[in-house]
Each structure stands twice: as structure tokens, then as C-alpha cells.
Amino acid sequence: MSHHQAPRRTSPDGRPNPTSGAQSGGISGSMNAEGQQEASPFYSTDRLLLNPNSDHKPDNYEDLELDFSPLIFSSLERYLPPNLLAETRVVKVDYMRDILLRYYPTKLQKQREYRQNIVSNYQPLHRELYTMKAEDFFVPLFLEAINTNTEQGFRNIIVEPSPGIFTFEMLQPRFCQMLLAEVENFENWVDETKFKVIRPNTMNKYGTVLDDIGMETMLDKLVENFVCPISKVFFPEVGGSTLDAHHGFVLEYGFDRDVQLGFHVDDSEVTLNVCLGKQFSGGELFFRGVRCEKHVNSEIRSEECFDYSHVPGCAILHHGHHRHGARATVSGHRINLLLWCRSSVFRELRKHQKDFSSWCRECQREKRERQHRHAAATKLELLRGQRETAS
Ligand SMILES: [Zn+2]
């Protein structure tokens with residue numbers, strides 16, 4: 001009997017699995033719901049051993065892209081039926097993954113269910129927001145620059161008040177008002193239905209993930225056709241030309257909302273931040289220089305300090321690792337649209353990279369120091385050589 005097929009669907013002796021559907025297969029008897037206890041010894045011998053094989057040295061799974069922690073696979077391997085232990089990692093992973101998936105839905109599956117749950121129950125207020133309609137969303141000058149699609153065209157409408165920070169007028173007032181009303185409508189629905197909503201990030205208690213309420217496709221288009229052309233020109237060193245994923249949300253600030261936002265970097269390659277309104281004072285963004293993960297806490301240079309006051313409808317585009325925070329919104333309410341734009345290509349490359357001197361100021365400094373040391377050492381070598389020749 002082939003090892004490849006037998007363990008997956010039927011037991012080694014040809015018996016069908018004792019249960020079917022989501023509960024079939026099992027890690028051990030204890031994982032099963034009550035009432036299935038009798039059956040558990042049955043499939044624990046089919047799929048996994050009841051007691052681990054402690055003499056077996058499991059494979060390492062750390063270099064594989066998996067839905068679950070590689071450590072889970074290493075531990076689980078000791079429970080594999082003996083006929084599987086000599087198999088390749090790929091066969092073992094496949095077998096174990098199949099078991100794990102029955103018990104633990106992946107993050108992606110959970111997200112899909114969560115979104116489905118909202119989309120099938122929440123009634124949008126402005127359906128026209130859910131499909132990209134550029135001439136209704138953006139101001140004419142912005143559209144013109146996008147259509148021209150040249151650096152000069154972008155420079156005509158964009159201001160760069162500090163290196164790597166780009167500001168421009170982007171959204172029509174009517175679009176801002178509709179989006180504000182949509183978010184308010186959604187929050188009312190959440191209140192009424194006591195829906196357990198997931199907030200945009202760990203730092204904000206108030207805010208709505210637009211991708212979760214059905215705007216993912218529209219925001220995909222926004223990134224692809226309206227952010228990427230600009231970031232391609234201004235952020236090529238961090239994957240600005242290959243943005244292919246995003247996290248889109250709105251944040252609310254005010255006395256009964258989040259008040260301020262601590263110093264941080266975004267989980268993005270490029271961030272688009274557009275103020276939607278309403279009336280407010282305070283809430284300035286402060287920027288403190290671009291740093292890689294390793295240097296995120298390194299010192300701030302005075303020339304890197306830049307403060308920005310929001311204007312409704314206006315966008316600010318910056319490197320995701322440009323360290324920043326938001327000062328307290330001292331009166332009124334401020335609501336901003338955030339798009340964390342990501343590049344999977346850049347993220348893959350970054351994994352194997354240690355030097356980010358093309359964009360991290362601290363990496364740049366370290367590189368210069370290395371070069372100086374190298375130059376000094378070479379000079380010393382040369383001098384020594386000359387002295388030896390002279391003597
Ligand atoms: Zn660095």
C-alpha cells in the first residue's frame with residue numbers, strides 16, 4: 001500500500017475513518033468532543049500515535065512557508081505513524097497540515113469568515129463608495145497628474161516639505177463626507193447588533209477596517225492605480241513599484257475616542273494617510289526619520305524632525321518605516337483614512353537582507369564607518385609597503 005495515499009483518507013488496514021467531516025481525524029483522544037471518546041483509540045492509531053515516539057528525532061521545518069508554527073510540526077512529528085517517519089518532509093508536512101487544519105482554522109480562513117459575516121449582515125449607506133469611480137473620488141488635479149504619469153507631473157501637484165514626505169490634495173469633499181457617514185453608519189450597526197468588531201491595529205481602540213466592510217476591491221484599485229504610480233517614482237528602494245497588498249482603515253481621534261498615537265513605524269512599505277475631516281484642532285503628525293527594524297530605536301537627528309498639520313482632503317505619503325506619531329487632538333473630531341501598502345516581493349527580499357543603507361539613515365552611517373575603516377586600513381597597508389620598499 002502506498003504511504004502517500006493510505007494515511008490521508010483511510011486507515012492502514014482499509015477501514016474508513018470512524019467519523020467524517022470537520023471532526024474526523026484527530027491529534028489524540030483528548031482533542032475530541034465528548035461522545036466521540038469511544039472512537040478515539042480508533043483513529044489515533046489511524047492518523048497519529050496516542051503516545052509520542054520519544055526516540056525519534058523530528059525534522060526541522062523552520063525554512064518552510066507554513067500556516068502553523070514550524071515548531072508545531074516538529075513536535076507533532078513524534079506522533080506520526082511509524083510508516084510515515086521515513087518519508088520526506090513534504091509528505092509529512094502535508095499529512096500533519098491536513099490534521100491541523102481540521103482543528104485550527106488558519107488566520108486567512110478566520111478573516112474570510114469574519115468578513116463574510118459583516119458583508120451578509122451590514123447594509124451599506126453609500127453603495128457608490130464600494131466601487132472605484134475615480135472622477136467622483138479624486139480632485140481633478142490629482143487625476144490629471146495620475147493620467148500624465150510622469151515624475152514632473154507628480155511634482156507639479158506634490159510638495160515634499162521634508163525628505164521622503166510627500167503631501168498633495170487628493171479626495172473630493174463630497175467623497176470624504178460620504179466615507180465619514182458610511183463609517184458612522186457601520187459603527188451604529190456595531191452598537192445596535194453588539195457585533196464583536198476587530199479594530200485596525202493594536203494601538204487604536206477606535207477605527208474601522210474598510211477591507212472588512214466590503215471595500216477591499218475598491219482599495220485594491222486605489223493602491224494599484226493611484227498609489228503605486230506615485231510610489232514607483234518616490235519609493236523605488238522599498239518596493240514602491242510592486243505594491244500588491246494593503247491594510248485599509250479609518251482612525252477616529254477626539255476626546256471620547258483615541259486621543260493621540262505613540263511613536264511607531266507602520267507595518268507597510270508605503271503609507272497613505274488622508275484626513276477626511278471633521279472639525280478639529282491639534283492632532284499633528286510628527287516624523288523622526290526612516291529606520292530599518294534593527295535601528296528603529298536609534299537616535300533622532302534634528303534635521304529629521306518634521307511636524308505636519310492635517311488638512312481635510314489632503315494626503316500625506318511616506319515610507320512605512322518613517323518613525324512617527326500623532327499629537328493629541330485637543331478639540332473636535334479628526335478622522336483619517338489610512339492605507340498601509342505592502343509589497344510581497346520586497347518583503348521576501350528583505351528576509352535575506354542585512355544592510356538597508358538605501359533607505360535607513362543608521363545603516364547608511366554604519367556603512368560609511370565601515371568604508372572609512374576600510375580606507376584607513378588600506379592606507380596603512382600602502383604606507384607599510386612603501387616603507388618596506390624604501391628600507
Ligand atoms: Zn538600519
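Modeller: Two strands count as paired if DSSP finds at least two bridges between them. Keep in mind, too, that this is a predicted model.

Biologist: Okay, over how many bridges do strand 8 and strand 11 pair?

Modeller: Strand 11 covers residues 322-326, and strand 8 covers residues 285-290. One facing couple is Phe287 and His324, the latter in strand 11. The two strands run antiparallel, and the number of bridges is four.

Biologist: And which residue in strand 9 is the bridge partner of Leu285?

Modeller: Strand 9 takes in residues 305-308 and pairs with strand 8 in the antiparallel sense, over four bridges. In strand 9, the partner of Leu285 is Tyr308.

Biologist: What stands opposite Leu261 in strand 11?

Modeller: Here we turn to strand 5, residues 261-264. Strand 5 pairs with strand 11 over two bridges, in the antiparallel sense. Opposite Leu261, in strand 11, stands Ala326.

Biologist: So which strands are the edges of this sheet?

Modeller: The open sheet has four strands with antiparallel pairing, in the order 5-11-8-9. From one strand to the next, the twist averages 20°. An edge strand pairs on one side only, and that holds for strand 5 and strand 9.

Biologist: Let's go inside. Which helix gives the most to the largest nonpolar core?

Modeller: Nonpolar side chains tend to be buried together in soluble globular proteins. The largest nonpolar core has 54 residues, and among those touching the most other members are Val223, Val250 and Leu339. The top giver, with eight residues from the stretch 216-234, is helix 11.

Biologist: Beyond four places in sequence, which residues is Val223 in contact with?

Modeller: Val223 is among the core members that touch the most others. Leaving out its neighbours within four places, the contacts of Val223 are Cys228, Leu243, His246, Leu339 and Cys341.

Biologist: How far apart are the end C-alpha atoms of helix 5?

Modeller: Helix 5 has 15 residues, 89-103, and the step is 1.5 Å a residue. The expected span is 1.5 Å times one less than the number of residues, so helix 5 should span 21 Å. The model agrees, because the end C-alpha atoms are apart by 21 Å.

Biologist: How wide an arc do the buried residues of helix 5 cover?

Modeller: The buried residues are Lys92, Val93, Tyr95, Met96 and Ile99. Residues three or four places apart in an α-helix point the same way, because there are 3.6 residues a turn. The buried ones in helix 5 are on the same side, because their arc around the axis is only 165°.

Notes
Residues numbered from 1 in each chain as written. Predicted model: local features only at pLDDT ≥ 70, side-chain atom pairs only at ≥ 80, totals over all residues. Core = buried A, V, L, I, M, F, W, Y, C linked by C-beta atoms within 7 Å. Buried ≥ 20, exposed ≤ 12 C-beta atoms within 10 Å, placed from the backbone. Contact = placed C-beta atoms within 7 Å. Axes fitted to C-alpha atoms, helices over the stretch in contact; angles between N-to-C directions. Arc of directions from axis to C-beta.
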